[in-house]
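Biologist: I should like to go through this protein with you, one topic at a time. May I begin with a few short questions?

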Amino acid sequence: MEFSLLGPVEARDGGGALPLGGALRRALLAALLLEPGRVVSDDSLVSSLWAVPPATARAQIRQHVSALRRVLGTGTIVRRGSGYVLAAEPGSVDLEVFARGAELARAATAAGRTADAAALLREALALWHGEPLGGAAYDFVRRTAPALEERRLAALEDCFEAELAEGCHGELVGEILAQVEQHPLRERMRGQLMIALYRCGRQSEALEVFRQGGRLLREETGLDLGARLRALERAIHAEDPALDPPVRTVSPARADTAAQPPRLPAVLADFTGRDAEITRVSAVFGEGARGDRPTLCAISGAPGVGKSALAVRLAHLLGGDFPDGCVHVDLREHGGDPARALARLLRLLGVADVPDAWEERVDRYLDLLSGRRILVVLDNAEGEAAVRPLLPQAPGCAALVTARGPLPGLSGLHRIELRPFPSVTACELLARVIGRTRAQAEPRAVAEIAELCGRLPLALRIAGARLALRPHGQVARFAARLRDAPRRLDELHAADLDLRRVLATAPPALTVPARKAFAVLGVRPLRFCAAEAAVVLGMSLEHAEDVIDELAGAGLVEFAGYDPSGHDAYRFPELLRLYAIEYASERPSEHPSEHAPERPSEHAPERPSEHASEHVSERPSEHVPEGASEHVSERPSEHVPEGASEHVSERPSEHVPEGASEHVLERASEHADERASEHVLEYVLGNASDHAVVRTPECVPGEVPGW
């Protein structure tokens with residue numbers, strides 16, 4: 001759930017705006033969102049919502065809270081003491097994200113990293129989309145909106161200040177002039193316009209801006225301009241050298257590295273979001289700088305979720321804290337071989353003659369890091385063995401590692417798991433790539449593309465690049481092309497950006513059982529539990545749980561809640577599922593052709609294939625372990641909810657293909673252990689409306705030779 005206050009008051013779940021109701025209800029939600037996680041008393045709500053509260057004010061609040069709970073979920077707004085508290089996830093309220101970005105920018109400015117500060121502020125300001133608190137009750141907006149607008153203007157002035165420090169005066173003149181016309185009494189902004197004009201060689205215009213401000217202020221208030229503006233005017237008259245554009249120089253401490261090639265890849269020009277993760281990693285590095293050991297942080301997540309982009313962004317943001325250098329190595333480019341990666345690191349650190357012996361390379365590397373402050377970025381790690389010898393051991397040094405899994409074998413690691421973007425951030429990235437005007441012209445199509453891309457940063461960037469190639473084309477037309485599920489991965493390809501190629505790197509890194517599970521389970525459109533996986537894959541319940549853990553650790557499946565029996569359920573994200581279908585279809589030796597899914601958009605047929613009954617009848621009875629059938633029949637009352645059997649028999653044609661339940665129970669006895677049999681029986685009888693096993697007859701256990 002995502003909430004918006006920096007524009008119309010909205011709540012979004014899965015991309016679409018939820019029906020919140022009228023102005024008073026939106027104002028109530030906004031009042032709670034302004035204090036997320038904190039109790040807002042009834043008295044405070046009454047005074048915020050009404051200039052003259054009616055006698056029924058408290059009753060109206062209770063009614064509106066009940067209505068909001070029906071829309072947002074019963075656990076979102078909770079009664080606590082004499083007030084209400086809204087439980088919002090961190091980073092789900094746009095105002096919170098804006099404030100965090102502004103705070104990070106202030107810290108960057110204090111550290112002298114004005115370019116980073118400007119970038120952070122631009123990202124934060126991009127969250128504003130119209131007048132704040134739009135659609136809320138007038139009395140509430142009149143009281144609350146001015147404070148929010150003041151925070152926006154202060155951040156904008158901080159942004160102008162940082163960009164002027166970076167020598168961007170030429171690009172800023174028009175923007176600052178427009179803001180001064182809207183807010184003529186803001187003296188700091190007027191001074192920034194004077195500096196920008198002066199640095200562009202427009203001294204007389206800069207002085208005229210000062211005179212206009214003086215006349216306006218005297219007319220409005222009878223006062224003169226402040227001391228700072230008057231001092232600036234005198235400096236412009238005197239052509240004070242202190243007003244000249246800044247000259248970017250290399251500090252003496254790092255002059256020896258200035259001539260070396262860049263050690264970090266460039267930050268993506270359209271990098272978007274991840275403010276919560278940046279805040280967390282910045283805090284970890286801040287604490288680590290005061291400790292007696294190196295700071296180690298790992299970023300994990302699914303293919304295409306933006307791990308490398310975030311690591312590079314963080315390295316640029318935090319690089320100022322590592323005066324002895326920042327180095328980056330892509331471990332995948334070196335085949336996951338730590339010896340080759342270490343040779344690359346040594347060259348980046350200035351070693352011309354790299355030792356041949358592994359032990360000598362390690363010793364040289366650790367000696368170089370000792371007593372220095374160096375940040376090492378180890379990108380695309382495929383396991384602990386490829387990373388462990390490359391981690392710094394000296395206090396003051398740090399490492400950022402990206403990997404699909406959390407690297408549990410490495411100790412002392414701070415772990416950050418990346419998820420796909422929230423809907424608002426996904427749409428913002430698309431708007432940055434295709435142009436804000438174009439995105440605002442077709443907001444529904446942009447939101448649909450974001451969802452069809454699974455809100456995956458790489459997929460979004462590719463979709464944006466495709467749209468940018470046709471600046472006059474309709475966004476809705478491309479959304480329609482993405483709706484064709486079998487062709488979606490074909491569409492998500494632009495120049496050297498290819499989502500399919502990135503997804504294809506995932507299966508080879510898996511163990512053989514996990515690759516089999518990826519091929520067999522990935523074709524299923526429904527969620528599944530470990531017991532179902534055990535039956536379909538023909539393995540014990542414990543083995544199936546281990547395989548699912550491996551898939552989850554590689555970012556290939558995600559937790560999907562619980563099934564009706566209370567067991568953990570999982571699912572493949574849609575884009576990964578589409579690739580899994582291709583993966584299974586293109587490898588007949590690993591996935592038999594008679595069971596491979598076809599390419600039409602409906603991947604899970606409603607009726608069994610013509611061969612399904614043959615697979616059931618061909619199973620000889622000698623394969624059933626002794627006593628297995630008795631075990632299934634002996635435990636009906638223990639696992640079957642009351643009325644479940646009637647429910648199953650009432651809806652045979654709708655959910656259960658003919659003979660399918662017998663097929664599942666036979667498989668439970670033949671291929672899975674006792675616990676899996678119990679769980680599957682419980683699932684079939686207790687959850688007849690969600691038969692993920694029986695509705696996928698092409699995934700017959702034991703029919704995947706070659707694994």
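Biologist: Where does R113 lie?

Modeller: In this predicted model, R113 lies in a loop, with α4 (94-110) on one side and α5 (114-125) on the other.

Biologist: Is R113 buried or exposed?

Modeller: R113 has a relative accessible area of 16%, and it is buried because the cut-off for that class is under 20%.

Biologist: Which residues does R113 touch there?

Modeller: Setting aside residues up to four places away in sequence, R113 touches A108, L317, G320 and D321.

Biologist: Now to another charged residue. Which helix holds E428?

Modeller: E428 lies in helix α16, which covers residues 423-434. Its relative accessibility is 11%, so E428 counts as buried too.

Biologist: And what is E428 in contact with?

Modeller: Apart from neighbours within four places in sequence, E428 is in contact with A126, T272 and R436.

Biologist: Let us turn to the nonpolar interior. Which residues of the largest nonpolar core touch the most other members?

Modeller: They are F285, I449, L499 and L551, in a core of 168 residues. Helix α6 (residues 138-165) gives the most to this core, namely ten residues.

Biologist: What does L499 touch?

Modeller: Not counting residues up to four places away in sequence, L499 touches L456, L458, A459, I462, L489, L492 and L575.

Biologist: What about a second core?

Modeller: There is a separate one of 33 residues, and L331, V351, V376 and A381 are among them.

Biologist: A question about cysteines, then. How many disulfides does the whole structure contain?

Modeller: The search finds zero disulfides.

Biologist: Are C297 and C529 buried or exposed?

Modeller: C297 is at 0% relative accessibility and therefore counts as buried. C529 has a relative accessible area of 2%, so C529 is buried as well.

Biologist: Finally, the strands. In what order do β1, β2 and β3 form the sheet?

Modeller: The order is β1-β2-β3, in an open sheet with antiparallel pairing. The edge strands are β1 (2-4) and β3 (16-17), each of which pairs on one side only.

Biologist: How many bridges join β2 to β3?

Modeller: Two bridges join β3 to strand β2, which spans residues 10-13, and the two strands run antiparallel.

Biologist: Which residue in β3 is the bridge partner of D13?

Modeller: The partner of D13 is G16. In general, the strands of a sheet pair through backbone hydrogen bonds, either parallel or antiparallel.

Definitions and conventions: Residues numbered from 1 in each chain as written. Predicted model: local features only at pLDDT ≥ 70, side-chain atom pairs only at ≥ 80, totals over all residues. Heavy atoms only, no water. Pairing = 2+ DSSP bridges. Helix = DSSP H or I, 4+ residues; strand = E, 2+ residues; numbered from the N terminus. Buried < 20%, exposed > 50% of the residue type's maximum accessible area, 1.4 Å probe, protein only. Contact = heavy atoms within 4.5 Å. Core = buried A, V, L, I, M, F, W, Y, C linked by side-chain atoms within 4.5 Å. Disulfide = S-S within 2.5 Å.
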